[in-house]
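User: I'd like to understand the labels people put on a model like this one. Show me the rule each time, then how the value fits it.

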Amino acid sequence: MKSIHLGFDENSLTVYKAIANKHRLEILRLLSVEPHNVNELAEKLNLPFSTTATNVKKLEEANLISTELVPGRGTQKVNAKNLDRIIIDLFEKEKTEENNKKIIVDMPIGEYFDCCVKPHCGIVGENDYIGLQDDPRSFYDPFRKKAQLLFMRDGYVEYRFQNKVPYGATVKEIEVSAELCSEAPNHKLDWPSDITVWINNVELGTWTSPGDFGGRRGYLTPKWWLTNYTQYGLLKRFKVNEKGSYLDGTKLNNAIMIDDLRIKEYPFISLKIGIKEDAINKGGFNLFGNQFGNYEQGLLMSITIQ
């Protein structure tokens with residue numbers, strides 16, 4: 001699946017201008033089904049050939065589609081899509097000092113080190129369930145490493161990332177991101193859940209998920225998974241640096257800073273996601289892998305060092 005991430009740069013602006021037109025959006029929709037030539041597009045859009053050709057050219061200039069010469073009745077130009085998804089990233093990339101470096105690890109969601117699971121629960125692979133639904137023993141199945149979705153009404157999962165910080169380096173910032181939502185029977189948009197994140201057993205903060213999202217298929221969710229089940233989550237980012245801790249760029253109301261995580265003291269970096277025993281909204285959670293939901297990632301950890 002080919003995709004691009006758009007932000008606030010000039011190249012992104014070119015794409016925004018290209019798709020800011022209902023006819024060009026319709027052309028992209030038609031080409032997502034199969035390639036067309038300009039005559040076919042003009043006929044389906046009920047537009048003049050010249051207007052259609054102009055719109056096709058603008059999409060080509062933005063590199064959203066391509067045109068090839070193919071044999072037919074003579075040689076004809078056929079248009080085809082270049083992408084499957086356009087993703088707009090509203091989180092502006094922060095500028096870092098030139099001598100800062102990043103260590104980035106994308107952890108598969110099935111590679112957890114420890115867990116405590118209470119039904120309703122399950123692990124789902126790319127093509128089927130792993131083990132049995134509502135059986136916590138399935139979370140110890142060797143095939144759990146192939147998980148693309150795991151869910152539970154209560155409990156936690158803990159991951160241990162290899163500590164790759166070089167000896168002598170200073171950790172300036174650590175950020176973790178994951179696609180998450182609540183866990184209700186089937187799905188329920190109004191189903192709040194307090195989902196907490198810990199790093200090295202230090203509680204960073206809690207995000208209250210508004211619901212368990214379903215009813216329409218996630219961009220990556222396989223077709224065999226019924227749409228009345230959980231389909232996608234929201235991408236949440238927890239960050240800690242020398243100034244404090246943040247959730248999606250908003251500073252959290254705690255005093256946790258990067259030194260409190262004691263990164264240098266362990267050969268691993270522990271990341272735990274779960275529901276606290278005293279949570280007000282105990283609505284469980286879904287955690288998505290890189291082939292389920294809306295985002296092509298598992299648990300993404302980024303460490304900025306100097």
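Analyst: Start with exposure: a residue is buried under 20% relative accessible area, exposed over 50% and partly exposed in between, using a 1.4 Å probe and protein chains only. Helices (H or I, at least four residues) and strands (E, at least two) are DSSP runs numbered from the N terminus. This is a predicted model, where local features need pLDDT of at least 70 and side-chain atom pairs count only at pLDDT 80 or more, while totals for chains, interfaces and linings use all residues. Residues are numbered from 1 along each chain as its sequence is written, and side-chain values use heavy atoms, leaving out hydrogens and water.

User: Which residues of helix 1 are buried, and what puts them on the same side?

Analyst: In helix 1 (residues 10-19), the buried ones are Ser12, Val15, Ala18 and Ile19. They span an arc of only 120° around the axis, so they sit on the same side of helix 1. The arc is taken from the directions between the helix axis and the C-beta atoms. As background, an α-helix has 3.6 residues a turn, so residues three or four places apart point the same way. On the face of helix 1 turned away from the buried side you'll find the exposed residues Glu10 and Lys17.

User: What covers the buried residues of helix 1?

Analyst: The cover includes strand 1 (3-6), helix 2 (22-33), helix 4 (49-61) and strand 4.

User: Strand 4 brings me to Arg85. How do you know that Arg85 forms a salt bridge with Glu296?

Analyst: A salt bridge needs a side-chain nitrogen of Lys or Arg within 4 Å of a carboxyl oxygen of Asp or Glu. The closest N and O atoms of Arg85 and Glu296 are 3.6 Å apart, so the pair makes the cut. Arg85 is in strand 4 (residues 85-88) and Glu296 in the loop between strand 17 and strand 18, so the bridge ties together parts 211 residues apart in sequence. Arg85 has a relative accessible area of 8%, which means buried. Glu296, at 38%, lands in the partly exposed range.

User: What makes Asp135 and Arg137 a salt bridge, and why is Asp135 called buried?

Analyst: Their N to O distance is 3.0 Å, so the salt bridge rule is met. Asp135 comes out at 14% relative accessibility, which puts it in the buried class. Its partner Arg137 is at 64%, so it's exposed.

User: Which residues do salt bridges with shared partners join into one network?

Analyst: Lys118, Asp154 and Lys282. Within that trio, the side chains of Asp154 and Lys118 meet at 3.9 Å, N to O, so this pair passes as a salt bridge too. Asp154 is in strand 7 (residues 149-162) and Lys118 in strand 6 (residues 114-124), 36 residues apart. In all, the structure holds 12 salt bridges.

User: On to the rings. Why is the pair of Trp224 and Trp225 called edge-to-face?

Analyst: Rings of Phe, Tyr and Trp (its six-membered ring) pair if their centres lie within 6.5 Å; planes under 30 degrees apart are stacked, over 60 edge-to-face and the rest tilted. There are 8 aromatic pairs in the structure. For Trp224 and Trp225 it's 5.5 Å centre to centre and 85° between the planes, so edge-to-face it is. Trp225 and Phe292 also qualify as edge-to-face, because their centres are 5.7 Å apart and their planes at 80°. That second pair links Trp225, in the loop between strand 11 (213-214) and strand 12 (230-232), to Phe292, in the loop between strand 17 (285-288) and strand 18 (299-305), 67 residues away. Ring pairs join Tyr129, Trp224, Trp225, Tyr229 and Phe292 into a cluster.

User: How do you know that Trp224 is partly exposed, and why does Trp225 count as buried?

Analyst: Trp224 has 32% relative accessible area, so it falls between the two limits. Trp225 shows 3%, so it's buried, and Phe292 is buried at 0%.

User: What makes Arg160 sit over the ring of Phe113?

Analyst: The rule wants NZ of Lys or CZ of Arg within 6 Å of the ring centre and within 35 degrees of the ring normal. The charged end of Arg160 is 3.8 Å from the centre of the Phe113 ring. Arg160 also lies over the face of Phe268, 4.0 Å from that ring centre.

Methods
Contact = heavy atoms within 4.5 Å.
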